[in-house]
Amino acid sequence: MEAAEPACDPVPVPVPALTLVGHRVRPVTLATEQVIPVPGPLERLRRGSVVSIEGAPGSGVTSLTLSLLAAVTSTREWVAAVEAEGSHGTLSAAAAVEAGVALDRLAVVRGVSTQRWANVVAALLEGVTLTVADLPLGVKPADARRLTTRARERGAILVVLGSWPDRVAVRLRAEGGPWRFVGGRLATWSRAVEIEGRGRPVRRVAVA
Amino acid sequence: MRTLCVWCPDWPVTTLRLAGRVPAEGPVVVMGEGGQVHTASAEARAEGVRRGFRKRDAQARCPQAVVIDADPAAEARAFEEVARALEAVTARLAIHRPGLLSFPTLGQVRYFGSEIDVAQRAWEAVGSPLDPRVGVAGGGLAAFLVARRATPVLILDDDETARFLASRPVTVLHEHGLGEFAGLLRRLGLRTLGDLAALPEGSVVARFGSDGARAHRLARGLDEDPPALTAPPPELAEAGEFDPPALQAEEAVLVGRSLAERLLSRLARHGLAASRVTVEAETEYGERLVRTWRFGGGTAGEAERALAQRVRWQLDAWLSAVDGPRSGLTLLRLVPEEVVPARGHQLDFWGADGRATERATRALIRLQGLLGHAAVVQPVLRGGRTPAEQTGWAPFGDHLPPRSWVLCNGDRATKNPRTRGQSQEQPSWPGAVPAPSPALVYDPALPATFVDASGEPVRISGRGEMPLPPARLRCAGLVDAPVEGWAGPWPHDVRFWDRQARRRRALFQVVAGGVACLVSVEAGQATVEALYD
């Protein structure tokens, strides 16, 4: 019963008129599809851009990162975090949930060595809308340029924690704010963030 | 279509016994993905251990059992020997999974005389030590079910097949990836395949879509798809060359994975999906290795993963066999043997969730291939007092434990599949530090110096009291400053019932030098557990 008849093509011939129309119509991209709204002073993230976040430990770098992750997962897209080898700090699931991150759309790649770092980030940019990466020492400017290009081509957002050796769309610098005990509870408000980029002058804003 | 099915019961256990990794006698429990029992040996089953049990339940029923993790690659390697032995009987066998294969009997009956002869030859080819069961019936599902009843050979004609199938419970559809659908049927009061087959097909399809159509065909004793009478055109095959020749399975697997991805995405563009794929390899010396695998559908991502896994098993089996190829592989080809119209998958109503998930899944699986399964993880929120205890990590793709992992009422939360993973009930953890949670967790915790006004390290008495308030916190690279504010202590008596594992510690929230952190004091030694970053 097999191979008794000559093999015939099971692929249906597409309707030529429809194909023709398909070639003529240009895909329409709405401006709102290019950006992801972010609550707070940053207002929006543009797809395909690189954002760098810098700041001393305790100045709010991680909270700022979590707010970006939350903004992207709330649009039902995926996010990933890359933890470089030798970094002690890791994300806390409880803090991520408190910031509004959907944990089922967050993947974390842990213990990435410097040699593999660029490849891992490149692979994530292929499939994930936003990638947050610890910047290990000794990332070559050529690698950085390649990743910037990759992000732009794929429409993915790359958030690097550290100073990126290539051009960035937005540079954020977390400057921290006072922590106080209010009624026995630890609390902070008005943490300063310096925003630079998008053709606007450097401004300092306070985030909650 | 008359089908012969060879089933080796408890194949994972048999494999481990053949390899000498577990004793040849006595109960053995093989753990699979997600910490659940995958297979239990006959002795363990006699004690009440069942598939899907958690490890501790299995050990409670059968404390003397040897518990070991499953090794799918070794199972596939060992099953390759069985497949090779059966090549003397048929050239058209398709492996479903290690331990189970089937082939149509039509040509073999004409050659060997009768179905009894074919079944006997198949049984002899595998050999009695492996205790194979051979079933012959109309249709693949029936043949499998008959093989499970066989001692060791059972043949049912078409009328008997229909009666036999009608009496089977709908849960057997699990074998074809319709487990959830079978659960729905049971809730609707359709308990046997006969009940399902008695419904008009049109109504079942109208109500349940493609799952219903598949289940109805299976219940009537047909194969999932009408038999494909023409071979797919050769241009659908995907081939990759190795230069230099691949000697190690690892090198070949990378190529195999990308071929699987290309093959399925090409088929998807034509609106097709593959149900049987032949893996072909050629070696430097011109040897040709061929094996056919059958695999179930699911979403495009799942199918790709299933195919990539089978290709990996097969390459591993070939390249590590004692009498395997004498030289490296030069060519690997994936040929779709049977293509069926892709039934598609319903996307979520809101937004492009399905597509985004599929894209992300593909990228993450590729990374797991590069870095190892456990290197790509997803965070899981679970119960605990410290941030490190509250954050669990599950390898991507494993079944995630229930979102609120509870020790006290864990049984209730896991046993009810409807509340699993969405239970909102958060049990209280006495002594847990209140929100906000610190965003950055140090794992392992950073050593620190935490002293009171007299310069002595901060100590907590058994009653949770301390003589003097903390005055200064020092932690290399983070802070060295007088304490500006603090809260606590939150004393923890961890595992007070276990003398060896008992630990006593106290947590403090400390603000010093402009940073806020969570400090743990244990046996006079302070560590910074986490940072409010």
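At 37% relative accessibility, Ser190(A) is classed as partly exposed. This value, like the others reported here, comes from a predicted model. Ser190(A) sits in the loop that links strand E11 (185–188) to strand E12 (191–197) of chain A. When neighbours within four places in sequence are set aside, the residues in contact with Ser190(A) are Gly177(A), Pro178(A), Ala206(A) and Val207(A). For one of these, Gly177(A), the separation from Ser190(A) is 13 residues in sequence and 6.3 Å in space, C-alpha to C-alpha.

Strand E12(A), which ends the loop of Ser190(A), has pairing partners in chain A. Strand E9 (residues 170–176) of chain A is joined to E12(A) by six bridges, and the two strands run antiparallel. Within this pair, Ala174(A) is placed opposite Val193(A) of E12(A). Strand E13 (residues 200–207) of chain A also pairs with E12(A) in the antiparallel sense, again over six bridges. Here Ile195(A) of E12(A) is opposite Arg203(A) of E13(A).

Chain A and chain B are in contact through 54 residues of chain A and 56 residues of chain B. The size of an interface is often expressed as the accessible area lost when the parts come together. For chain B and chain A this buried area is about 5,000 Å², with 63% of it on carbon and sulfur atoms. Zero salt bridges are counted between chain B and chain A. Polar contacts across the interface of chain B and chain A amount to 19 residue pairs, both residues at pLDDT 80 or more. On the side of chain B that touches chain A, two or more residues are contributed by each of helix H14 (353–371), strand E13 (376–381), strand E14 (391–395), strand E15 (440–452), strand E17 (479–494), strand E18 (503–512), strand E19 (515–522) and strand E20 (525–532) of chain B. The most is given by H14(B), with ten residues. Sorted by class, this side of chain B comprises 38 nonpolar, eleven polar and seven charged residues.

Strand pairing also crosses between the chains. Strand E6 (residues 106–112) of chain A and E13(B) run antiparallel and are joined by two bridges. Val108(A) has Val377(B) of E13(B) as its bridge partner.

A side-chain contact between the chains involves Ser437(B), which is located in the loop between helix H16 (410–415) and E15 of chain B. The side chains of Ser437(B) and Glu98(A) are joined by a polar contact of 2.6 Å. With residues up to four places away in sequence not counted, Ser437(B) touches Ala94(A), Ala95(A) and Glu98(A) of chain A, together with Tyr532(B). Ser437(B) has a relative accessibility of 18% and therefore counts as buried, the limit being under 20%.

Several of the strands listed for chain B pair with one another. E15(B) and E20(B) run antiparallel and are joined by five bridges. In this pair Leu440(B) is opposite Leu531(B) of E20(B). E20(B) is also paired with E19(B), in the antiparallel sense and over seven bridges. Ala516(B) has Tyr532(B) of E20(B) as its bridge partner; Tyr532(B) is also one of the residues touched by Ser437(B). E20(B) is mostly covered, with seven of its eight residues buried.

E19(B) and E20(B) form a hairpin with two residues between them. Ala523(B) lies in the loop between these two strands and is exposed, because its relative accessibility is 75% and the class begins over 50%.

Backbone geometry was examined for departures from the usual pattern. Most residues other than glycine have a negative phi, and most peptide bonds are trans. Ala523(B), in the turn of the hairpin, has a positive phi near 50 degrees. In chain A, Arg76(A) has a positive phi near 65 degrees. Arg76(A) belongs to the loop between helix H3 (61–73) and strand E4 (79–84) of chain A, and counts as partly exposed at 32% relative accessibility.

Cis peptide bonds occur in chain B. One joins Asp243(B) and Pro244(B), with omega about 0 degrees; Pro244(B) is part of strand E9 (residues 238–246) of chain B. Another joins Asp443(B) and Pro444(B), also with omega about 0 degrees. Pro444(B) is in strand E15 of chain B, the strand bridged to E20(B).

Terms used: Residues are numbered from 1 along each chain as its sequence is written. Chains are lettered from A and ligands numbered from 1 in the order in which they are written. This is a predicted model: local features need pLDDT of at least 70, side-chain atom pairs count only at pLDDT 80 or more; totals for chains, interfaces and linings use all residues. Side-chain values use heavy atoms; hydrogens and water are left out. Contact means heavy atoms within 4.5 Å. Buried area is the accessible area (1.4 Å probe) that two parts lose on being put together, summed over both. A salt bridge is a side-chain nitrogen of Lys or Arg within 4 Å of a carboxyl oxygen of Asp or Glu. A polar contact is a pair of N or O atoms within 3.5 Å; within protein, one must be able to donate a hydrogen and the other to accept it, and residues adjacent in sequence count only if both atoms are side-chain atoms. Helices (H or I, at least four residues) and strands (E, at least two) are DSSP runs, numbered from the N terminus. Ala, Val, Leu, Ile, Met, Phe, Trp, Tyr, Cys and Pro count as nonpolar, Asp, Glu, Lys and Arg as charged, and the others, Gly among them, as polar. Two strands pair if DSSP finds at least two bridges between them. Buried means under 20% relative accessible area, exposed over 50%, partly exposed in between (1.4 Å probe, protein chains only).
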